[in-house]
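Reader: Before accepting the descriptive terms applied to this model, I should like to see the reasoning behind each of them. Could we go through them in turn?

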Amino acid sequence: MSANPRLIVAGSSSSVPRPDRACSSYLIEDGESSVVFDLGSGSLANLRRYVDYDRVGAIVISHMHADHFLDLIPLRYALCYGSRQRKAKLPIYLPPGGLATLKRLVSAFADEGGEFLTDVFTLDEYDPSRPLALDGAKLRFAPTAHFVPAFAIRWQRNGASLTYSADTAPDANVTALARGCDLFLCEATLRLDEREIGPRGHSSGLEAAEMARDAGVERLVLTHYGEESTAADLDVVARTRYAGPIVVADDHAVFSL
Ligand SMILES: [Zn+2]
Ligand SMILES: [Zn+2]
């Protein structure tokens, strides 16, 4: 039965997983449909508590860094060898160029027989310049400021909206995409005293809060942080820039939309 949509955090770590915590993965589900943004290393085990591999509606990958997609590999094993059967292949939406990256990765498993990926997945690359309709929800994308092509994602359904920053330095495209949304899920990778040398690709909690303020969002959820940042520290610094409600995500956190 359809219920109010919820965001569930299946992985809140940046690329170095915090102890007992997985890398990026976020589930939006309403009891009837489900979509997962990213499936970073370690996150499948967490995700299964809420929606198992036989019932996941679709997975959308923001960019091809390992901390955002690597658990597609164990997911493939689950779909091939697990006891739960799907009625149809699981749709995976990759960023432009993602298919080639994934194929290079799984070429290491060429002797496993069958088509390693397409036996269980349908693989498509989304066009970030166009909306993507998924199970009654509309997704829109915006390129972020990162070290590889990466895309923030805005999810909208029945008047509820969420924007996921993916990985990004402060960026006007991301702010514009997030404009006025109910929940802004934003990365906060950098420690306050940390400065990126050369081209930038990440934000601090302070900068995430500035984007939330500039976008006029209803709520800010900070995520994608390492063990050097405590939730309390992130919360305190973000409050100096953004007056709305702030929560620091952790694995298994649940938010109503
Ligand atoms: Zn990342
Ligand atoms: Zn990244």
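**Terms and their grounds**

Author: The protein has 7 helices and 14 strands. The model is a predicted one.

Reader: What makes the radius of gyration of the protein agree with that of a compact globule?

Author: The globule rule is 2.2 Å times the number of residues to the power 0.38. For 257 residues this rule gives a value near 18 Å, and the protein has 17 Å, so the two agree. Along the principal axes, the C-alpha atoms fill a box of roughly 55 × 45 × 35 Å.

Reader: Why is α6 called oblique to α7?

Author: Helix α6 (residues 205–215) packs against helix α7 (residues 231–239) at an angle of about 45 degrees, and their axes are 8 Å apart. Angles under 35 degrees count as roughly parallel, and 65 to 115 as roughly perpendicular. The angle of about 45 degrees belongs to neither class, and therefore α6 is oblique to α7. The crossing of the two helices is right-handed.

Reader: Which residues make the contact between α6 and α7, and how is it divided by class?

Author: From α6 come G205, L206, A208 and A209, while α7 contributes L234, V237 and A238. By class, there are 6 nonpolar residues, 1 polar residue and no charged ones. Gly counts as polar, so G205 of α6 is the polar residue in this contact.

Reader: What makes β6 and β14 edge strands?

Author: These strands belong to an open sheet of 7 strands with mixed pairing, in the order β6-β5-β4-β3-β2-β1-β14. Because β6 (121–125) and β14 (254–256) each have a single partner strand, one side of each is left without a neighbour in the sheet. Neighbouring strands in this sheet are turned against each other by 20 degrees on average, with direction ignored.

Reader: How do you know that β3 and β4 pair?

Author: Pairing requires at least two bridges. Strand β3 (residues 34–37) and strand β4 (residues 58–60) have 3 bridges, in the parallel sense, so the requirement is met. V60 in β4 is the bridge partner of F37.

Reader: What is the order of the sheet that contains β8 and β9, and in which sense do these two strands pair?

Author: The order is β7-β8-β9-β10-β11-β12-β13, an open sheet of 7 strands with mixed pairing. Its edge strands, β7 (132–134) and β13 (246–248), each pair on one side only. The twist from one strand to the next averages 20 degrees. Strand β8 (residues 137–143) pairs with strand β9 (residues 151–157) in the antiparallel sense over 6 bridges, and F141 stands opposite I153 in β9.

Reader: Why can α6 be called roughly antiparallel to β11?

Author: Helix α6 lies across β11 (183–187) and β12 (220–223), and runs at about 150 degrees to β11. Angles over 145 degrees count as roughly antiparallel, so the term applies. Helix α7 touches β12 and β13, and its direction makes about 155 degrees with that of β13.

How values were computed
Residues are numbered from 1 along each chain as its sequence is written. Chains are lettered from A and ligands numbered from 1 in the order in which they are written. This is a predicted model: local features need pLDDT of at least 70, side-chain atom pairs count only at pLDDT 80 or more; totals for chains, interfaces and linings use all residues. Axes are lines fitted to C-alpha atoms, for helices over the stretch in contact, and angles run from 0 to 180 degrees between N-to-C directions. Helices (H or I, at least four residues) and strands (E, at least two) are DSSP runs, numbered from the N terminus. A crossing is left-handed if the near helix is turned anticlockwise from the far one by less than a right angle, and right-handed if clockwise. Two residues are in contact if their C-beta atoms, placed from the backbone, lie within 7 Å.
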